[in-house]
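Open the model in your viewer and keep the sequence panel beside it. Each stop below tells you what to select and what you will find there.

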Amino acid sequence: MAVKQRIMIVDDDSSIAELISLYLMKECFDTLILPDGEEALKQFDQYEPNLILLDLMLPGIDGYEVCREIRKVSKVPIIMLSAKGEVFDKVLGLELGADDYMIKPFDTKELVARVKAVLRRFVPEQETEKKETFPNEKQGECVIYTDLLINQTNYAVTYLGRQVEMPPKELELLYFLASHPNQVFTREQLLDHIWGYEYIGDTRTVDVHVKRVREKIKDRANWSIATVWGIGYKFEVKKV
């Protein structure tokens, strides 16, 4: 029997949490409902969720702080849930490491679809480690430039000889651009390639992730992450 994927639901509104749980259980997920951020942090290691649905307005420790603390130790996917629909709130959530952001009230079926989409894109660390133990299997690819190595097989980025921590979406975005040097991609194309056609979000998501990558990976003399104004982005490679 296949092991059910575990979804941690952190929301102090029990009626919403129970409704979400019901829909997820119908799709054969295991769920754990927690009413506040402090309890979520306590239960995280024990429950080992495959994904977290995290309300922002929680008693005590809010959702932003919970996300910040979890990102210190794990890359587990996080979908933020909030009645706050301002761009600032979305950007802050994404900058802290959330993989998606949904505004309340939302359609429960859409939430389930997003959960499935995020889980399909996420590659757990233990799975990449397993792949490395079988050298005859396809190992994936690395992209190598001066002072930069991006390995999508084990989700590792080495910059100036040091490993740089990156959430999966940031790494996938960097890898995709770097593996298509000097090719310009619109924000919509990047959403499709990295987040998938199922993703229902605005192109600001791409801008936020590019900004975060740039903060960790600075341009070098012969390559850069370039903005093509009015269009999108490209990984520009120059002859020096």
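Start by selecting helix H7: its buried residues are Pro168, Lys169, Glu170, Leu171, Glu172, Leu173, Leu174, Tyr175, Phe176, Leu177 and Ala178. With 11 of its 11 residues buried, H7 is largely enclosed by the rest of the structure. Bear in mind as you look around that this is a predicted model.

**Zoom out for a moment**

Show the whole chain as a cartoon. The protein has nine helices and 12 strands. Of its 240 residues, 48% are buried. Among contacts with a separation of 6 or more, 58% are between residues 24 or more positions apart.

**The sheet beside H7**

Now add strands E10, E11 and E12 to your selection. They form an open sheet of three strands, in the order E10-E12-E11, with antiparallel pairing. At its edges are strand E10 (185–186) and strand E11 (223–228), each of which pairs on one side only. Strand E12 (residues 232–237) runs antiparallel to E10, and two bridges join them. To find one of the partners, pick Phe185 and look across to Tyr233 in E12.

Next, bring back H7 (residues 168–178), which lies across E10, E11 and E12 and runs at about 60° to E12. Helix H9 (residues 204–216) also packs on this sheet, where it touches E11 and E12, and its direction makes about 155° with that of E11.

**The aromatic rings**

Show the aromatic side chains as sticks. How many aromatic pairs does the structure hold? There are four. In one of them, the rings of Phe176 and Phe185 have centres 4.7 Å apart and planes at 55°, so this pair is tilted. Phe176 is buried, at 12% relative accessible area, and Phe185 is buried too, at 5%.

Move on to Trp223 and Phe235, a stacked pair with 5.4 Å from centre to centre and 15° between the planes. This pair links distant parts of the chain, with Trp223 in strand E11 and Phe235 in strand E12, 12 residues apart. Are Trp223 and Phe235 buried or exposed? Both are buried. Add Tyr145 and Tyr159 to the view, and you have a cluster in which ring pairs link these two tyrosines with Trp223 and Phe235.

**Helix H4 and its cover**

Select helix H4 (residues 87–95), whose buried residues are Asp89, Val91, Gly93 and Leu94. What covers them? The cover includes helix H3 (63–71), strand E4 (78–82), E5 and H9, the last of which you met at the sheet. Step just past the end of H4 to Gly97, which takes a positive phi of about 115°.

**A buried lysine**

Strand E5 leads to the next stop. Select Lys104, in the loop between strand E5 (100–103) and helix H5 (108–121). Lys104 has 18% relative accessibility, and because the cut-off for buried is under 20%, Lys104 counts as buried. Its side chain makes a polar contact with the side chain of Asp11, at 2.9 Å. To see the wider surroundings, show Asp11, Ile16, Asp55, Leu81, Ser82 and Ala83: these are in contact with Lys104 once its neighbours within four places in sequence are left aside.

**Strands E1 and E2, and helix H1**

Finish towards the start of the chain. Select strand E1 (residues 6–10): four of its five residues are buried, so E1 is largely enclosed by the rest of the structure. Over five bridges, E1 pairs in the parallel sense with strand E2 (residues 30–34). Click on Val10 and its bridge partner in E2, Leu34.

Then select helix H1 (residues 14–26), where you will find Glu18. Glu18 is exposed, with a relative accessible area of 53%. Draw a distance from its C-alpha to that of Ile33: the two are 7.6 Å apart in space and 15 residues apart in sequence.

For a last look, show Lys26 and Tyr23. The charged end of Lys26 sits over the ring of Tyr23, 5.5 Å from the ring's centre.

Conventions:
Residues numbered from 1 in each chain as written. Predicted model: local features only at pLDDT ≥ 70, side-chain atom pairs only at ≥ 80, totals over all residues. Heavy atoms only, no water. Buried < 20%, exposed > 50% of the residue type's maximum accessible area, 1.4 Å probe, protein only. Polar contact = N/O pair within 3.5 Å; in protein donor to acceptor, adjacent residues only side chain to side chain. Contact = heavy atoms within 4.5 Å. Pairing = 2+ DSSP bridges. Axes fitted to C-alpha atoms, helices over the stretch in contact; angles between N-to-C directions. Phe/Tyr/Trp six-rings, centres within 6.5 Å; stacked < 30°, edge-to-face > 60°. Lys NZ or Arg CZ within 6 Å of the ring centre and 35° of its normal.
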